[in-house]
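Visitor: Walk me through this one, please, and keep it plain.

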Amino acid sequence: MNLSLYFKRFFNNSQASGIILIFCVLISLLIANSSLAESFQNFLDKEIGTHQFQLKYPVSIWINDGLMAVFFLLVGLEIKRELVEGELSSFKNASLPIFAAVGGMLVPAVIYSIFNYGTEYSNGWGIPMATDIAFSLAIISMLGKKIPNSIKIFLAALAIVDDLGAILVIAIFYTDQIHWTYLLLSFGVTALLFALNFLKVTKTIFYIIPGLFLWYFLHHSGIHATIAGVVLAFSIPTNASNVEISPLEKLEHQLHIPVSFLIMPIFALTNTNITFSNDMVAGATSTLGLGIICGLILGKLIGINLFSLIAIKLKLSSLPQNSNWTQMIGVGLLAGIGFTMSIFIALLSFKGEILIQDEAKFAILIASFIAAILGFTILSISSKRNMEPEED
């Protein structure tokens, strides 16, 4: 086989990016629990940039707030395209991820609070509310064409709404201070971006430059800067035609390979950097650990499917095209992969309390691993059943 053709097929294979991501997770865990742990952490803590524009941050911040904004840009572009011309173009389909996300945030928070009401851990109720969009989409991408595209789009839309909800929770309940001047500047740049869309400006560069300023202002406002990627994505023009390629579709195509095979692996490599300890393991059976594990696995599963069922019964929404409730259960479990966003909220919930933070990290890792295995297994089984020929 021609080598260039082989690489082209590899990079166009959605399963390949998921496999690389899992490999990076394992490598990161090995490094974190080896003699290289300290050196690797020192590298992540090393500040790069310039103080002149208040842009000197550790490597880990540049990855989580900078590179991941590009990831959110790509996912936002995919969601907007589906809203305009695809699976989410009808109100019933577009509304379901919103209802599901609300349920997927409320029920886990309630379950966690039941375990930890009145304890020293009560402030961590936001931990199981979050879905790690990068890892959940990577796992579902490993199923390739075995499941309908509508299910993948549903999970992506659900995860975006979920993450926006988590960002709001962080901003309102876990942020010490909002810098309103920067936030107002962010609103101004957002207005400019949508004005450019209204004026039918099609050159992508005229959106990217204001988008960089939007990221800068949001980051300095105290709100998680990755939301800039979603806002920028929704401002870039597209069309409802499958014939003419829009600026949105061009940018989406350009970002696919670098995001899937560079940004997401780097994200996995730097964020799975968890060093295990005996104290951490013991915390998994505490009310903190049980609240997180039950919240992420059962809470997400029940919340997403219960609120979806209610929305469908009230005829406000409909199931994703060509999907079934077994696949919805699988998606509900994959949404229980809280991981980096959950860890981020855990760090904010228990500032300065290293032992509690470590216990929370381990519980999140356990819950995310179980959710990933169960979700992947159920979706795999459902795809096999769908491919079985019907009996006469």
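Visitor: Does K300 count as buried or exposed?
Guide: Bear in mind that this is a predicted model, where local features need pLDDT of at least 70, side-chain atom pairs count only at pLDDT 80 or more, and totals for chains, interfaces and linings use all residues. Residues are numbered from 1 along each chain as its sequence is written, and side-chain values use heavy atoms, with hydrogens and water left out. The scale runs from buried (under 20% relative accessible area) through partly exposed to exposed (over 50%), with a 1.4 Å probe and protein chains only. K300 has a relative accessibility of 0%, so it counts as buried.

Visitor: Which side chain does K300 meet in a salt bridge?
Guide: A salt bridge here is a side-chain nitrogen of Lys or Arg within 4 Å of a carboxyl oxygen of Asp or Glu. The N to O distance for K300 is 2.5 Å, and the partner's relative accessibility is 1%, so that residue is buried too. The partner is D162.

Visitor: How many residues apart are D162 and K300?
Guide: Helices (H or I, at least four residues) and strands (E, at least two) are DSSP runs, numbered from the N terminus. D162 sits in helix α7 and K300 in helix α13, so going by those runs the pair links distant parts of the chain. Their separation is 138 residues.

Visitor: Which residues are linked in a network of salt bridges?
Guide: The whole structure has three salt bridges. R81 bonds to E82 with the closest N and O atoms 3.0 Å apart, and to E252 with the closest N and O atoms 2.6 Å apart. The second of these pairs runs from helix α4 to helix α11, so it ties together parts 171 residues apart in sequence. The network is R81, E82 and E252.

Visitor: What relative accessibility does E252 have?
Guide: Its network mate E82 is buried, with a relative accessible area of 5%. E252 also counts as buried. The value for E252 is 11%.

Visitor: How much space lies in the largest pocket?
Guide: The search uses a 1 Å grid over the protein atoms alone: a cavity is a set of points where a 1.4 Å probe fits but cannot get out, a pocket is an open set with protein on both sides within 12 Å along at least five of seven lines, and lining residues have an atom within 4 Å of a point. Points are joined across faces, edges and corners, and a volume is the space filled by probe spheres set on them. For the largest pocket that gives about 1,200 Å³.

Visitor: Which residues of the lining are closest to the centre of the largest pocket?
Guide: There are 43 lining residues. Helices that each supply at least two of them include α4 (59-85) and α15 (339-349). Closest to the centre are I61, N64, D65, F344 and L347.

Visitor: How many residues of α15 are buried?
Guide: The buried ones include F339, M341 and I345. α15 has eleven residues and is largely enclosed by the rest of the structure. The buried count is eight.

Visitor: Which elements give two or more residues to the lining of the largest cavity?
Guide: One cavity of 30 Å³ or more turns up in the whole structure, and it holds about 50 Å³. Among its lining residues are E87, N93, F154 and P320. The elements are α5 (91-116) and α7.

Visitor: What phi does Q54 have?
Guide: Most residues other than glycine have a negative phi. Q54, in the loop between β1 (47-50) and β2 (55-58), has a positive one although it is not a glycine. The value is about 55°.

Visitor: Where does K200 lie?
Guide: K200 also has a positive phi, near 65°. With 69% relative accessibility, it counts as exposed. It lies in the loop between α8 (180-198) and α9 (205-221).

Visitor: How far apart in space are I19 and M142, C-alpha to C-alpha?
Guide: I19 is in helix α2 (residues 14-32), and at 51% relative accessibility it counts as exposed. The two residues are 123 apart in sequence. Their C-alpha distance is 7.1 Å.
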